[in-house]
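Please open the model in your viewer and keep the selection panel at hand. The tour goes from one selection to the next, and at each stop it says what is there.

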Amino acid sequence: MSILKVARMGHPVLRMRGRALEKSEIRHPLFQKLIDDMIETMHEYNGVGLAGPQVHEGVRMFVALLAEDPDSKTDASVIINPEITPLAGSREEGWEGCLSIPDIRGMVPRFTDISVKALDREGRNIELRLKNFPARVAQHETDHLDGVLFFDRMTSMQSLTYLEEYSRFHAKDDD
Ligand code: NI
């Protein structure tokens with residue numbers, strides 16, 4: 001496996017819409033290697049999610065840690081061609097960061113209860129019900145597939161903070 005280079009904000013690949021994947025492509029050994037490399041890259045940089053465009057691959061897939069408890073040792077989920085349906089109308093503000101926007105945090109409104117239809121790494125249809133933080137992660141990563149970054153979703157820039165100041169002043173607000 002290899003650690004991949006992560007595109008940073010300003011790289012045009014982060015603003016492109018990724019293309020949907022065919023089931024036959026998903027099973028290709030090179031695509032399976034990309035999945036494993038993305039999982040390794042996400043862990044290397046202590047991320048909770050990493051989307052194809054962030055590693056210069058313009059495809060609709062992401063890897064993420066989608067357990068309710070962020071400290072639990074669950075395996076990374078592989079989500080391909082996701083379609084998100086909100087199951088509750090309300091959004092809640094919460095802190096987000098992004099491996100493509102290093103060392104910055106900001107508050108972003110997201111739906112707290114969603115359903116995600118997608119394909120898994122074997123190309124099988126899956127449907128996940130996600131709430132709270134995992135729902136937030138899935139919405140953030142799916143946005144990457146449409147060229148959207150979390151700054152675009154912020155309703156105010158007032159919460160923007162560097163990671164060091166986040167740890168000093170804001171980490172205690174975190175759920
Ligand atoms: Ni991100």
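## Starting at the metal site

Select Cys98 to begin: cysteine 98 is buried, with a relative accessible area of 9%, and like everything else on this tour it belongs to a predicted model. Now add the nickel ion to the selection, and you will find it coordinated by Cys98 through SG and by His140 and His144 through NE2, at 2.1 to 2.2 Å. Along the chain these donors follow the spacing C-x41-H-x3-H. Because cysteine 98 lies in strand 4 (residues 91-98) and histidine 140 in helix 3, the pair ties together parts that are 42 residues apart in sequence. Is histidine 140 itself buried or exposed? With a relative accessibility of 7%, histidine 140 counts as buried.

As for the two histidines, their spacing in the donor pattern is H-x3-H. An α-helix has 3.6 residues a turn, so residues three or four places apart point the same way.

## Helix 3

Select residues 132-144 next, which make up helix 3. At 1.5 Å a residue, the 13 residues should span 18 Å, and the end C-alpha atoms are 19 Å apart, which agrees. The helix is mostly covered, with eleven of its 13 residues buried; among them are Pro134, Ala135, Val137 and Ala138, and also the charged or polar names Arg136, Gln139, Glu141 and Asp143. Asparagine 132, which lies in helix 3 as well, counts as partly exposed at 42% relative accessibility. If you display backbone torsions, phi of asparagine 132 is near 55°, a positive value in a residue other than glycine.

## The sheet beneath the helices

Which strands does helix 3 lie across? Helix 3 lies across strand 1, strand 2, strand 3, strand 6 and strand 7, and runs at about 125° to strand 7. Colour these strands together, and you have an open sheet of five strands in the order 1-2-3-6-7, with antiparallel pairing. Strand 1 (49-51) and strand 7 (125-131) are the edge strands, each pairing on one side only. From one strand to the next, the twist averages 40°.

Zoom in on strand 6 (residues 113-119) and strand 7, which run antiparallel and are joined by seven bridges. Two of the pairs can be picked out by name: alanine 118 has isoleucine 126 as its bridge partner in strand 7, and valine 116 has leucine 128. Between the strands of this hairpin there are five residues, and glycine 123 takes a positive phi near 85° there.

## Helix 2

Now select residues 29-44, helix 2, which lies across strand 1, strand 2 (61-64) and strand 3 (77-86) and runs at about 40° to strand 2. At 1.5 Å a residue, its 16 residues should span 22 Å, and its end C-alpha atoms are 22 Å apart, which agrees. Its buried residues include Phe31, Leu34, Ile35, Met38, Ile39 and Met42, and what covers the buried residues of helix 2 includes helix 1 (23-26), strand 1, strand 2 and strand 3. Step just past the end of helix 2 to asparagine 46, which takes a positive phi of about 55°.

## Strand 5 and arginine 110

Move to strand 5 (residues 101-111), where arginine 110 is found. Arginine 110 is buried, with a relative accessible area of 4%, and its side chain is joined to that of glutamate 96 by a polar contact of 2.8 Å. What else is in contact with arginine 110, leaving aside its neighbours within four places in sequence? Besides Glu96, the list holds Ser90, Arg91, Glu92, Arg136, Gln139, His140, Asp143, Phe150 and Arg153, and His140 among these is also a donor to the nickel ion.

Also in strand 5 is aspartate 103, which has a positive phi of about 65° although it is not a glycine. With a relative accessible area of 47%, aspartate 103 is partly exposed.

## Last stop: arginine 168

Finish with arginine 168, whose place is in helix 5 (residues 163-170). At 56% relative accessibility, arginine 168 counts as exposed. To set it against another part of the chain, draw a distance from its C-alpha atom to that of arginine 17: the two residues are 151 residues apart along the chain, and these atoms are separated by 36 Å.

Conventions: Residues numbered from 1 in each chain as written. Predicted model: local features only at pLDDT ≥ 70, side-chain atom pairs only at ≥ 80, totals over all residues. Heavy atoms only, no water. Helix = DSSP H or I, 4+ residues; strand = E, 2+ residues; numbered from the N terminus. Expected span 1.5 Å × (residues − 1). Buried < 20%, exposed > 50% of the residue type's maximum accessible area, 1.4 Å probe, protein only. Donors = N, O, S within 2.8 Å, 3.2 Å for Na, K, Ca; no water. Pairing = 2+ DSSP bridges. Axes fitted to C-alpha atoms, helices over the stretch in contact; angles between N-to-C directions. Contact = heavy atoms within 4.5 Å. Polar contact = N/O pair within 3.5 Å; in protein donor to acceptor, adjacent residues only side chain to side chain.
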